[in-house]
Amino acid sequence: MFGNREVHRKLSGTGGYAAGRLAEISESLGQLAKVMKNSGEDPGLSREDGIAALESAASMVCGSCDRCGMKQECLEDQDGENYFLYYLLRSFEKKGALEYPDMPREFLDRCRKKTDYLRELNRSLGRSTMNLAWKNRFLESRDAVMLQFEEMAGILGEFSGQMEQAADVTEALVPAVRAAFRKRRIALEDMLVLKYGDGRREAFLTARTGNGRCVTVKDMAALFGQAVGAEFIPARNGKTLVTRKSSMVRLIEKGSYRILFGCAKTPKEGEEVSGDNYMFRNTLPGQVALSLSDGTGSGPAAGADSEQVMELAEQLLDTGFSARSTLKLINTVLLLNGMGDRPATMDLGLVNLYTGVLEMMKLGAAASFLLPDRRGGGEAEVLESETVPAGVLNPVEPVMISRKLWDGDKIIMVSDGVLDAMPGVEKEKAFREFLDGLPDTGVQETAEMILTFALSFEGEPRDDMTVLVGGIYG
């Protein structure tokens, strides 16, 4: 039964069907996002709002009096534009209330109830502004949904493309795997091995044990890797044991690179809790994320804000969102949560362990640094982009910084407390010169040396200080 290629043809056909369906769903989500984007409206007070406010003020104050001609003047077209009405609305939006100098001279000279009229006009425009605030909140929520549609469409489209382009390399591996499994009394019933564009391979095995024995999936992955000449690991959230009952397991090829992490941090003087939070995490297969968030201020409140940013990042990255999508969605969520008055920065780097490529994005974060392998010389590189912190502006478009990493290179992320402690005006330059003089040490030792250097200028930290170091090794 195992040698029957019909199994693989069925799986291939199923994969092609699934890829097609995912592509259709991706296109539909993209169209929904486009429709929502095209239905945008001007977020300011409209001409209709102004006319309604004038009519409401007149009905409350003027009665049958029309001596001032206020309404008529606002309704007159001047080359197709209501300049006076536009001026009134923009003045109210800017100052929060209209004053006598904002009103027409004729109105001020002739109206006997100008004080009452101005008070009612401001009250009516205030109600319109309140309604507008709720309307804008709704539009922000709509934009968040639109963004999610767009990003989900991109993820599904990318996944569909991977499925269509994946090569079936099962046949060449069958003899070696079957022989290795037979020695351990593992009956291999079906197998499918796919190779993706970045060289990563993924295996789906249906197997059972003989004589009532049990084998861990971790041991099976090691056995499979020995047979095919590469290192494989079990997929996350999969089965952990293979028994005499047939079951399918998923194995993933490990990347050519590995990453070691180090961290050193200290809270601001007088605080017990740091406002900084960080993350080291394996997200998708063959991808590692390192991230740093600095909450506004210091102490528990800032720490809670930056912790929320890190938790959101973990959830989105685990789901399959890209770095850009993750930062954009986090920014939208924080805006909707009303965190614009206490924004949190975010520094996010994703390393592909198959290619060694780093993709880094920032939202208001301090500069990061790339320190080349000390054995090969070379100068440290500053990685920075000019973006505001998360939760301040919508929409936001993070700038991607991409670099190829080599054996021994180190990625260094710091919170602004570390850079602010550097001597002189050009903080990044002073820090880079310090990095160029560092010896070739491990990642934890490097992080501790950096923090010690920053504290040597401060004595006691004036702000939260956090140093993350990720070293890549081939």
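Here a trainee and a mentor talk through a few features of a predicted model.

Mentor: Residues are numbered from 1 along each chain as its sequence is written. In this predicted model, local features need pLDDT of at least 70 and side-chain atom pairs count only at pLDDT 80 or more, while totals for chains, interfaces and linings use all residues; side-chain values use heavy atoms, without hydrogens and water.

Trainee: Why is Glu359 called partly exposed?

Mentor: Buried means under 20% relative accessible area and exposed over 50%, with partly exposed in between (1.4 Å probe, protein chains only). Glu359 has 31% relative accessibility, so it counts as partly exposed.

Trainee: Which residues does Glu359 contact, leaving aside its neighbours within four places in sequence?

Mentor: Contact means heavy atoms within 4.5 Å. By that test Glu359 is in contact with Leu348, Gly349, Leu350, Met400, Ile401 and Ser402. Met400 is 41 residues from Glu359 in sequence, but their C-alpha atoms are 6.5 Å apart in space.

Trainee: And what makes the largest nonpolar core a core?

Mentor: A nonpolar core is a set of buried Ala, Val, Leu, Ile, Met, Phe, Trp, Tyr and Cys residues joined through side-chain atoms within 4.5 Å. The largest one here has 26 residues, and Ile412, Val418, Phe431, Leu435, Ile450 and Val467 have the most contacts inside it. Helix 13 gives the most to this core, five residues. Helices (H or I, at least four residues) and strands (E, at least two) are DSSP runs, numbered from the N terminus.

Trainee: What does Val467 touch, not counting residues up to four places away in sequence?

Mentor: Its partners include Met413, Val418, Ile450 and Leu451. Another core, of 24 residues, lies apart from this one, and Leu173 and Phe232 are among its members.

Trainee: How do you know that strand 9 and strand 10 pair?

Mentor: Two strands pair if DSSP finds at least two bridges between them. Seven bridges join strand 9 (residues 276-282) to strand 10 (residues 287-294), and the two run antiparallel. That meets the definition of a pair. Asn282 stands opposite Val288 in strand 10, and in the hairpin Gly286 takes a positive phi near 75°.

Trainee: What classes of residue line the largest cavity?

Mentor: Ala, Val, Leu, Ile, Met, Phe, Trp, Tyr, Cys and Pro count as nonpolar, Asp, Glu, Lys and Arg as charged, and the others, Gly among them, as polar. The lining therefore sorts into seven nonpolar, one polar and no charged residues. Gly50, Leu54 and Leu85 are among the lining residues.

Trainee: What makes that space a cavity?

Mentor: On a 1 Å grid over the protein atoms alone, a cavity is a set of points where a 1.4 Å probe fits but cannot get out, and lining residues have an atom within 4 Å of a point.

Methods. On a 1 Å grid over the protein atoms alone, a cavity is a set of points where a 1.4 Å probe fits but cannot get out, and a pocket is an open set with protein on both sides within 12 Å along at least five of seven lines; lining residues have an atom within 4 Å of a point.
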